[in-house]
Amino acid sequence: SIPLVDVSIAIETGALAAPADAPGLATFVIGLLDKGTERHDASALAAAKDKIGMGGGFRAGIERSTNSYRILESNLAASLDLAAEMLRTPTFPDEELEKMKAQVGAWLANLEQSPGRAASSLFDRAVYGADTPMGAVWTPGLLEQVDRSRLEAFHAAEVTPDNITIYMIGNIDMDTAEKAVSKAFGKWKATSNSALQGVGDAAEQKARVILVDQPGGASSTIVTGHAIEAYDAATWTELSLMNTIIGGSFESRLNMNLREDKAWSYGYRSAIDRNPSGAMTFYTSGQVQTDKTAASMQEILKELEGYVGDEPATANEVDRIKMNRTRSLPGSFATNAGFLSSIMSSDAYGLPFDYAESAADRIAAVTTAGVVARAKHTIDTDRLTWVVVGDLELIEEDVRALGFGDVEVWNAFGEKLR
């Protein structure tokens with residue numbers, strides 16, 4: 001076999017550490033770590049990585065940012081040296097910063113023409129509150145406030161060795177790994193002064209409808225849901241199976257209704273947005289025909305009400321999902337990357353590194369009665385927030401007539417217009 005090592009470097013910071021007037025600051029800092037250091041400019045750094053076959057790249061998350069790559073064991077030490085250099089001494093060159101600002105600026109400008117892309121972030125803003133980190137959104141005005149001094153301050157406070165965990169799996173032993181990490185990172189003595197906040201509580205949940213205009217849109221984007229309780233490992237498997245039945249798979253009730261039966265959508269699903277530090281969200285999302293927007297909303301509500309009412313999960317549905325989950329477990333761990341992802345997820349949620357070993361037992365323990373009770377406990381159809389993006393000239397009157405809650409009209413940046 002080829003002597004390979006999968007490496008993932010996790011930095012315990014992300015969007016929730018950014019100040020209110022620069023909500024995307026973490027994206028800039030993390031995204032520019034490999035665009036120039038005190039020793040290498042962007043081109044030289046890319047060449048140095050290519051020379052040893054080091055791929056991957058830095059990705060900013062909400063609470064944790066990462067850089068993952070696969071490397072030959074013989075090049076592990078060199079790769080960690082480069083990783084330490086990028087993490088420790090980035091220069092945030094003006095040229096690279098301006099490139100990234102131009103890219104983000106173009107994306108923001110595009111949102112005004114295609115606000116459906118902002119539906120998920122607008123849903124978070126509505127559910128968590130505009131004055132919370134989870135409700136923060138970029139605007140062209142806020143983008144202009146990003147400069148190198150702010151990047152350097154964020155980096156100094158957030159990207160420090162006591163705020164970094166390095167995970168490895170493959171052709172490696174603990175002694176070799178510790179020596180390689182110590183050589184690369186051992187002289188770095190900075191300490192964190194992180195401003196990272198947890199997700200925390202959501203705003204008060206109530207029935208409301210938020211409309212966003214997309215003139216001429218051939219389809220409407222519909223997102224609906226509400227905040228739910230924080231992550232609990234003891235109930236997560238049951239909760240996850242509950243979601244799969246209503247909207248988490250192709251054969252789910254929502255998708256079979258709107259796509260297969262009505263042919264109003266190319267796909268409509270549901271999900272639970274998990275995090276380790278606060279309220280989660282249960283939501284449904286997808287695009288539907290413009291002329292079927294209000295009718296689709298009625299069907300979505302009908303499916304949710306039935307699921308927690310007189311059409312609960314059936315034994316056949318639960319057994320099918322349990323079988324599919326159990327049979328797919330071996331494939332989830334067919335590669336080292338699968339094991340590494342599981343280990344990192346367990347660590348992020350404060351679980352044992354071998355937590356995945358008991359996954360089959362947890363799936364087997366789920367019952368139909370448990371799923372039915374979990375749905376009734378989780379989904380509250382009287383507290384749904386609806387975000388609907390579409391051509392308001394064609395859909396607004398019908399959506400308002402549904403009476404699904406107080407109606408507001410926002411722009412793509414979450415600003416209330418009326």
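**Exercise 1. Is the crossing of α9 and α12 left-handed or right-handed, and which residues of the two helices meet?**

Solution. The model examined here is a predicted one. Begin with the axes: those of helix α9 (residues 233-246) and helix α12 (residues 315-332) come within 10 Å of each other and cross at roughly 115°. Angles from 65 to 115 degrees count as roughly perpendicular, and α9 and α12 are therefore described as roughly perpendicular to each other. The sense of the crossing of α9 and α12 is right-handed. Turning to the side of α9, the residues to look for are S240, L241, T244 and I245, which meet E317, V318, I321, K322 and R325 in α12. Sorted by class, this contact of α9 with α12 contains four nonpolar, two polar and three charged residues.

**Exercise 2. Work out the strand order of the six-stranded open sheet, and find which strands stand at its edges.**

Solution. Reading across the sheet, the order of the six strands is β7-β8-β6-β9-β5-β10, and the pairing is mixed. The edges are held by β7 (268-273) and β10 (406-410); each has a single partner strand, so one side of each is left without a neighbour in the sheet. On average, and ignoring direction, neighbouring strands of this sheet are turned by 20° against each other. At the β7 edge, six bridges join β7 to strand β8 (residues 279-289), and the two strands run antiparallel. To place one of the bridges, start from R269, whose bridge partner in β8 is S285.

**Exercise 3. Which helix packs on the six-stranded sheet through β5, β6, β9 and β10, and which residues of α11 and α16 meet?**

Solution. The helix packed on this sheet is α16 (residues 392-401), which touches β5 (208-213), β6 (219-230), β9 (385-390) and β10, and whose direction makes about 170° with that of β5. Helix α16 also has a helical partner, since the axes of helix α11 (residues 293-307) and α16 come within 8 Å and cross at roughly 35°. The meeting residues are T293, A294 and M297 in α11, and I395, D398 and V399 in α16. Divided by class, the residues of this contact are four nonpolar, one polar and one charged.

**Exercise 4. Describe the four-stranded open sheet, and follow strand β1 to its partner β4.**

Solution. The strands of this sheet are ordered β2-β3-β1-β4, with antiparallel pairing. Its edge strands, each pairing on one side only, are β2 (58-59) and β4 (164-170). Strand β1 (residues 4-11) pairs with β4 in the antiparallel sense over seven bridges, and I9 stands opposite I166 in β4. Helix α13 (residues 336-348) lies across β1, β3 (65-72) and β4, and runs at about 150° to β4.

**Exercise 5. Which residue meets R70 in a salt bridge, and how many residues apart are the two?**

Solution. The side chain of R70 meets that of D6 in a salt bridge, with 3.1 Å from N to O. Here R70 belongs to strand β3 and D6 to strand β1, so placed that the pair links distant parts of the chain, 64 residues apart. For the model, the count of salt bridges comes to 20.

**Exercise 6. At what angle do helices α3 and α8 pack, and how is their contact made up by class?**

Solution. Helix α3 (residues 76-88) and helix α8 (residues 174-185) pack at about 40°, with their axes 8 Å apart. The crossing in which α3 passes α8 is right-handed. From α3 the contact draws on L80, D81, A83, A84 and L87, and from α8 on A180, V181, K183, A184 and F185. By class, this contact has eight nonpolar, no polar and two charged residues.

Technical notes. Residues numbered from 1 in each chain as written. Predicted model: local features only at pLDDT ≥ 70, side-chain atom pairs only at ≥ 80, totals over all residues. Heavy atoms only, no water. Pairing = 2+ DSSP bridges. Axes fitted to C-alpha atoms, helices over the stretch in contact; angles between N-to-C directions. Contact = heavy atoms within 4.5 Å. Parallel < 35°, antiparallel > 145°, perpendicular 65-115°, else oblique. Left-handed = near helix turned anticlockwise from the far one by under 90°. Nonpolar A, V, L, I, M, F, W, Y, C, P; charged D, E, K, R; others polar. Salt bridge = Lys/Arg side-chain N within 4 Å of Asp/Glu carboxyl O.
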